[in-house]
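Got the viewer open and a selection box ready? Let's walk through this one stop by stop, picking residues as we go.

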Amino acid sequence: MSAFEGSLSNEGSSVVAAAPALDRPSVEVFPASQLRLVRWNVYVSLLALFVGGLFGLFQALERLQIDIFPLLSPVIKSYYQGLTLHGVLLVLVFTTAFINGFMSLATMRGFGRAMSNTTLMQAAFGSLLVGVGLAGWAMLTNKATVMFTFYPPLNPHFLFYLGLVLVVLSTWMTSANQMLTLRDWRREHPQERVPLMAFISIITYLMWDIASVGIAIEVVFLLIPWSLGLVQTTDPQLDRTLFWLSGHPIVYFWLLPAYVSWYVMVPRQVGGRLFSDPLVRVVFVLFLVLSAPVGFHHQFTESGIPAALKMVHGVFTFAVFFPSMVTAFTVIAALEVGGRARGGKGLLGWIWHLPWGNPSVTAQLLAMIVFVLGGASGLINASQTVNLVVHNTSFIVGHFHMTVGTAVALSFIGISFWLVPYLTGKALWGKYLALATAWFWAIGVMVFARGQIIGGIEGIPRRTAIANSAYLDLAPEWTLSNITTGIGGIIMVVGGVLFLLVLLGTLLGWGGRTREAEIPVTESLSRGGVGALWLDDWKMWLVIAVLLILIAYLPFFITYLPPNFTSPAPAFQLW
Amino acid sequence: MNVPFYERLVIFVSIAILVIAFAAVVASTVIAGIHLPSPVLRIDPRELNNTPPFDQPGLREVGPNSYEAVMIAQTWAFTPNELQVPVGSKVTFRVASKDVTHGFLISKVGVNLTLIPGQVAEATATFREPGTYLIVCHEYCGIGHQAMFGKVIVQ
């Protein structure tokens, strides 16, 4: 008997024998106007993935001393302009557009009803589109080669800032729409628990709502007036601190939608069941509460912040690692139920009985496996003294290509393997190409991360046109890491090209039409039971989250202010 | 709430791992004496050339085998860009940026600073092995970022 079977029998048969507990009866008829908006969000997202990924290819080639940026110079002026497009398109556009669409759909499916306000949904998509247009124009015309962190006093065109504000605004509108839908659902179901899928989708956005206030203040009140010349100077240390108040929680805004899929969709796809409904709620509530008071771990090497306060954020950073560890257990447990139901035996034999022939499942399983290593490298970043070895080196790049670049991106690719058929009525074309997409991506990122992780420990700086660097001859020990990075990146790009083919074939109707595509929803082995109702009290968790942000940040602002406004704007367009 | 045994076990083990790992981090500060950068001095980067000690950048001997290196970072160079010290020297770097944000990484000795305009940054390292140590700017600072470096030559 395996460990997991033991745990089931521990719980007694009542749990296992509980009636099938779908969150809602199978209501999958939503307004076409809303499904169309979800679809367009997914299209914008995937377009950003392909364009952003293309620059990844150029960067990988650069690591192999094949510098094609001179050939691109009529359009793209430099490595850094390409790198800015790569970063902004992938971590801000690909993610946000996909999440706005996918989480809206998950909210609808969770509640079993349409979003309350179609106009707001249109406005959110419009805001995103205009925002991407403005920021995209600024980047493509080389007026904003400042990376997605846009650290002042580097000084982009103000429309770059405005575009990003509109992208953030689209997330706030999506969140507001979720809350309206929750309100309307609650009127009809005064005593019921919030359905799990809707609850965790809403919590994902609430977490981001409060966390994004930092970046909103930075851009709207400090950077836009400064870039327009309304104020003469800015304080880079203050700006950065506000940036990272939002800059770490944003990674959970990317990650939690993947968790939604891992928790309540993938188990269904593998024939398993969710192990524990309340534990999932606890995990998401912990992210709501702990995601934001951790920003200083991105600022360990900055001398404007006292070391003691960095220690406080260090503690919180370790704490926010906890819900991810629980996720690893709960999700794997749900997979094991599925693997055993499909005939798997022995301690690990169930793994081979998972549906590895299903591209959507395979992509997400591989994303999970890579995430174990990505998460572990994150704990290294969070360990403040060890951070001194890796901070701002290519180690960080290796880390986040395993996390957002694979755990999130490959999950979203896996989700799109059922989502695009669901939204278009066109069956997935090219099953084996889709499977190959996942394997190329996962193997590619492992090779890539080997190069970047070891390279970082050897001292390779991140965000640097390394093949053109003036000091490459002085560091011959970097060669192997650079070659590995380049080859791994190219393998990932092959995965991306295969994905593009699958998508094109599907949209062109080569796979035929399907009426069977559905949103997978998992049954839970245990419903919350008594005492779990307080978990759904999002207002209480919101208050606690704000309190922790104040505990983490007030001591800094009290000791730091007044600002050191000494950095002028117009001189610093240095690209 | 009804928490099954294996769930409880995983929760306990997860917390234990995190507590032990964090204890190791605290130990590396308290016992091994590895400290993160902390506030040194607030300055006006536009006036850096007239702000002591940055009005006279360079290497100074402050004690037996002990040096102070005052350095300026600006696009896209360090001033001075080469330091020569004997083997076993302990060097305290005082660095500030004159324009945009730069980085200051000496990977082999664990010096890792972000040079934010308006803030003086400080770190100390001991150079025990002879050789050339790279100082690399590891914060994107514009089109010439990859040209920005310096050297510590230890003889």
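Select Asn381(A) and show whatever touches it: beyond residues up to four places away in sequence, you should pick up Phe300(A), Asn387(A), Val390(A), Phe395(A), Ile396(A) and His399(A). Keep in mind that this is a predicted model. Asn381(A) sits in helix α15 of chain A, residues 359-382. Is Asn381(A) buried or exposed? Its relative accessible area is 7%, and because the cut-off for buried is under 20%, Asn381(A) counts as buried. Now draw a distance from Asn381(A) to Phe300(A): the C-alpha atoms are 9.6 Å apart, with the two positions 81 residues apart along the chain.

**Into the core**

Next, select Phe150(A), Phe160(A), Trp262(A), Phe284(A), Phe93(B) and Phe104(B) and show them as sticks. These residues have the most contacts inside the largest nonpolar core, which has 214 residues. Colour helix α5 of chain A, residues 79-111, as well: with 20 residues, this helix gives the core its largest share.

Zoom in on Phe160(A). What is it in contact with, leaving aside neighbours within four places in sequence? The list is Val88(A), Ala135(A), Ala138(A), Met139(A), Ala144(A), Val146(A), Met147(A) and Phe150(A). There is also a second, separate core, this one of nine residues; Ile460(A), Ile466(A), Ala475(A) and Val136(B) are among them.

**Where the chains meet**

Colour by chain and pick the residues in contact between A and B. You should get 81 residues from chain A and 63 residues from chain B. Together the two chains bury about 5,800 Å², with 67% of that on carbon and sulfur atoms. On the chain A side, click Ser303(A), Thr385(A) and Leu388(A), which lose the most area to chain B and together make up 12% of what that side buries.

For polar pairs, there are 23 residue pairs in polar contact between chain A and chain B, counting those with both residues at pLDDT 80 or more. Several elements of chain A give two or more residues to the side that touches chain B, including α1 (3-11), α10 (236-247), α13 (277-290) and α14 (307-341). Highlight α14(A) in particular: its eleven residues are the largest share of that side. Recolour by residue class and the chain A side splits into 47 nonpolar, 26 polar and eight charged residues.

How many salt bridges cross this interface? The rule finds one. Select Glu139(B) and Arg240(A) to see a salt bridge whose closest N and O atoms are 3.1 Å apart.

**Following the charges**

Over all chains, the structure holds 14 salt bridges. Go to Asp536(A) and Arg281(A), where the closest N and O atoms of the salt bridge are 3.0 Å apart. This pair links distant parts of the chain, 255 residues apart: Asp536(A) is in the loop between α19 (479-507) and α20 (538-560), while Arg281(A) is in helix α13. Both Asp536(A) and Arg281(A) are buried.

Now select Arg183(A) and Asp184(A), whose side chains meet in a salt bridge at 3.3 Å, N to O. Arg183(A) is partly exposed at 44% relative accessibility, whereas Asp184(A), at 16%, counts as buried.

Over in chain B, try Arg60(B) and Glu68(B): the salt bridge between their side chains is 3.4 Å, N to O. Arg60(B) is partly exposed, with a relative accessible area of 29%, and Glu68(B) counts as buried at 17%. Then add Arg193(A) and Asp277(A) to Arg281(A) and Asp536(A), since these four are joined into one network by salt bridges that share partners.

**Last two stops**

Select His189(A), in the loop between α7 (158-188) and α8 (196-211) of chain A. His189(A) is buried, with 13% relative accessible area. Turn on the backbone of Trp185(A) to find its oxygen 2.9 Å from a polar atom of the His189(A) side chain.

Finish at Val3(B), in the segment before α1 (5-30) of chain B. Val3(B) counts as partly exposed at 22% relative accessibility. Draw a line to Ile34(B): the two are 31 residues apart in sequence and 41 Å apart in space, C-alpha to C-alpha.

Terms used. Residues numbered from 1 in each chain as written. Chains lettered and ligands numbered in written order. Predicted model: local features only at pLDDT ≥ 70, side-chain atom pairs only at ≥ 80, totals over all residues. Heavy atoms only, no water. Core = buried A, V, L, I, M, F, W, Y, C linked by side-chain atoms within 4.5 Å. Buried < 20%, exposed > 50% of the residue type's maximum accessible area, 1.4 Å probe, protein only. Helix = DSSP H or I, 4+ residues; strand = E, 2+ residues; numbered from the N terminus. Contact = heavy atoms within 4.5 Å. Buried area = accessible area lost by both parts, 1.4 Å probe. Polar contact = N/O pair within 3.5 Å; in protein donor to acceptor, adjacent residues only side chain to side chain. Nonpolar A, V, L, I, M, F, W, Y, C, P; charged D, E, K, R; others polar.
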